[in-house]
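Welcome! Please take a look at the structure below, and then we will walk through a few of its parts together.

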Amino acid sequence: MIVIAIIAILTSVAVPSFLVWLPNYHLQSTASDLFSNFQKAKIEAIKRNAYCTTVFGQAVGGTTYAYLMFIDADTDFLYDAGETIIVQKLLSDYPDVSFDTSQGGGDGVTFVNNSDGLPAIAFRSTGMTDDNGGFGSGSVFFTNTNGNT
């Protein structure tokens with residue numbers, strides 16, 4: 001009984017700390033995943049000698065993705081049916097995390113919008129970025145349920 005009581009006390013101390021830590025871990029994991037996928041897009045662009053575009057908030061087949069990375073065959077920064085999808089991520093893939101809508105003009109993303117009004121950026125076959133006419137740069141802002149960004 002004493003062992004069970006000790007375990008119960010330790011659990012009551014550890015669980016609240018874990019519940020605070022977990023959303024922070026998910027936020028860091030989300031940012032790392034996006035960064036890794038940008039690196040993957042860059043490598044695919046170089047390997048395939050083609051543009052690899054990332055569009056945020058892209059709908060495909062009735063599903064709206066947090067972001068979609070694809071080989072942009074016609075370099076128009078728009079996903080067209082038949083273009084090869086490299087990565088598709090739903091916001092639900094990232095528990096406790098959402099776009100920080102107080103940043104980036106209300107959608108949490110500061111990349112230049114494509115002609116559909118969605119933030120987009122591409123990697124050229126040289127590995128350099130392009131935002132539909134210039135040297136692409138921008139930011140993506142996430143927040144978690146603890147209010148951290």
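Let us begin inside: the largest nonpolar core has 23 residues, and L34, F38, F56, Y67, M69 and V140 touch the most other members. A nonpolar core here is a set of buried Ala, Val, Leu, Ile, Met, Phe, Trp, Tyr and Cys residues joined through side-chain atoms within 4.5 Å. Two or more residues each come from α1 (2-48), β1 (52-56), β4 (67-71), β5, β6 and β7 (120-123), with α1 giving the largest share, five residues. A second, separate core of 10 residues includes V55, V60, Y65 and L68.

This is a predicted model, in which local features need pLDDT of at least 70, side-chain atom pairs count only at pLDDT 80 or more, and totals for chains, interfaces and linings use all residues. Residues are numbered from 1 along each chain as its sequence is written, and side-chain values use heavy atoms, leaving out hydrogens and water.

Now meet two residues that touch each other, D96 and T143. Buried means under 20% relative accessible area, exposed over 50%, and partly exposed in between (1.4 Å probe, protein chains only).

| Residue | Place | Relative accessible area |
|---|---|---|
| D96 | loop between β5 (85-89) and β6 (97-99) | 30%, partly exposed |
| T143 | strand β9 (residues 142-144) | 14%, buried |

Which side chain makes a polar contact with the side chain of D96? The side chain of H26 does, at 2.8 Å. A polar contact is a pair of N or O atoms within 3.5 Å; within protein, one must be able to donate a hydrogen and the other to accept it, and residues adjacent in sequence count only if both atoms are side-chain atoms. On T143, a polar side-chain atom lies 3.1 Å from the backbone oxygen of N148.

How values were computed. Helices (H or I, at least four residues) and strands (E, at least two) are DSSP runs, numbered from the N terminus. Contact means heavy atoms within 4.5 Å. Lists of a residue's contacts leave out its neighbours within four places in sequence.
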